[in-house]
Amino acid sequence: MSERLTLYSYWRSSAAYRVRIALNLKMLPYDQVPVHLVNNGGEQHDPIYHELNPQELVPVLIDGRRVVRQSMAIIEYLDEAYDGAIKLLPAMIRDRARVRALAQLIGCDVHPLNNLRVMQYLERELAVDAEQRQRWTQHWIREGLRAFEEMLAEHPSTGRYCEGDQPGLADACLIPQVYNAHRFRVDLAPYPTIARIEQACLALPAFDAARPENQPDVPGTA
């Protein structure tokens, strides 16, 4: 595991965003290979990339000969394979379970419903117009953030971040979803704990460097 890591990424992908946060928190240097999800019908559908990831999704992490797919698996792999500056999952079993539950609330129940390929299917196959797609996205983001807020508020383990006073897996999943909330004009006023944690996270260089607008493949930077 001595070779430099490579991340196949897209600047606005929530899943890639959470992995970039994890890499930065672990202080692991890496190279990015952009995979544009829209240009030319979507570069993720290229046969060469299909060989790398049969799901035709980003991100994919390359570590030497290892190919790691799925953002949650990548983040846990990084945490187990590299000591890094911090651990992204707590030491205690019950705390790890709580963090995984928060992370999966976003990664399994919210993010997939407003993913690009879902939006494209709604538009192209079901003829759902832009206003209805916007309402769909807002609904599922609100539902997820409402539950996330309740799981954070007044919980004894919630600190400056989702779990105590050190950022980790749950924060890495939350912040990209909050980015999407802003993008789709979801009011964060009903979620004060989430809004507070967002500000604390974005003040950290690891999160700031991972922002979509700070990526090498953001439009207009080529």
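How many disulfides does this predicted model have? The count comes to 0 disulfides.

**The cysteines**

Select Cys173 and Cys108. The sulfur of Cys108 is the closest cysteine sulfur to that of Cys173, yet the two are 8.9 Å apart, too far for a bond. A disulfide needs the two sulfur atoms within 2.5 Å. Cys173 is also buried, at a relative accessible area of 0%.

Next, select Cys201 and Cys162. Cys201 is in no disulfide, and its nearest cysteine sulfur, that of Cys162, lies 6.6 Å away. Cys201 counts as buried, with 0% relative accessibility.

**The largest pocket**

Now select Ser13, Leu57, His111, Asn115 and Leu116. Of the 32 residues lining the largest pocket, these are the closest to its centre. The volume of this pocket is about 750 Å³.

Colour helices H1 (14-25), H3 (71-81), H4 (93-110), H5 (116-124) and H7 (169-183) to see where the walls come from: each supplies at least two lining residues. H5 gives the largest share, 4 residues. Sorted by class, the lining has 13 nonpolar, 14 polar and 5 charged residues.

**The second largest pocket**

Keep H5 in view and add helix H6 (130-152); each supplies at least two residues to the lining of the second largest pocket. Here H5 gives the most, with 5 residues. To show the lining, select Leu116, Met119, Gln120, Glu123, Arg124, Ala130, Arg133, Gln134, Thr137 and Phe184. By class, this lining has 4 nonpolar, 3 polar and 3 charged residues. The volume of the second largest pocket is about 170 Å³.

Terms used. Residues are numbered from 1 along each chain as its sequence is written. This is a predicted model: local features need pLDDT of at least 70, side-chain atom pairs count only at pLDDT 80 or more; totals for chains, interfaces and linings use all residues. Side-chain values use heavy atoms; hydrogens and water are left out. Buried means under 20% relative accessible area, exposed over 50%, partly exposed in between (1.4 Å probe, protein chains only). On a 1 Å grid over the protein atoms alone, a cavity is a set of points where a 1.4 Å probe fits but cannot get out, and a pocket is an open set with protein on both sides within 12 Å along at least five of seven lines; lining residues have an atom within 4 Å of a point. Grid points are joined across faces, edges and corners, and a volume is the space filled by probe spheres set on the points. Ala, Val, Leu, Ile, Met, Phe, Trp, Tyr, Cys and Pro count as nonpolar, Asp, Glu, Lys and Arg as charged, and the others, Gly among them, as polar.
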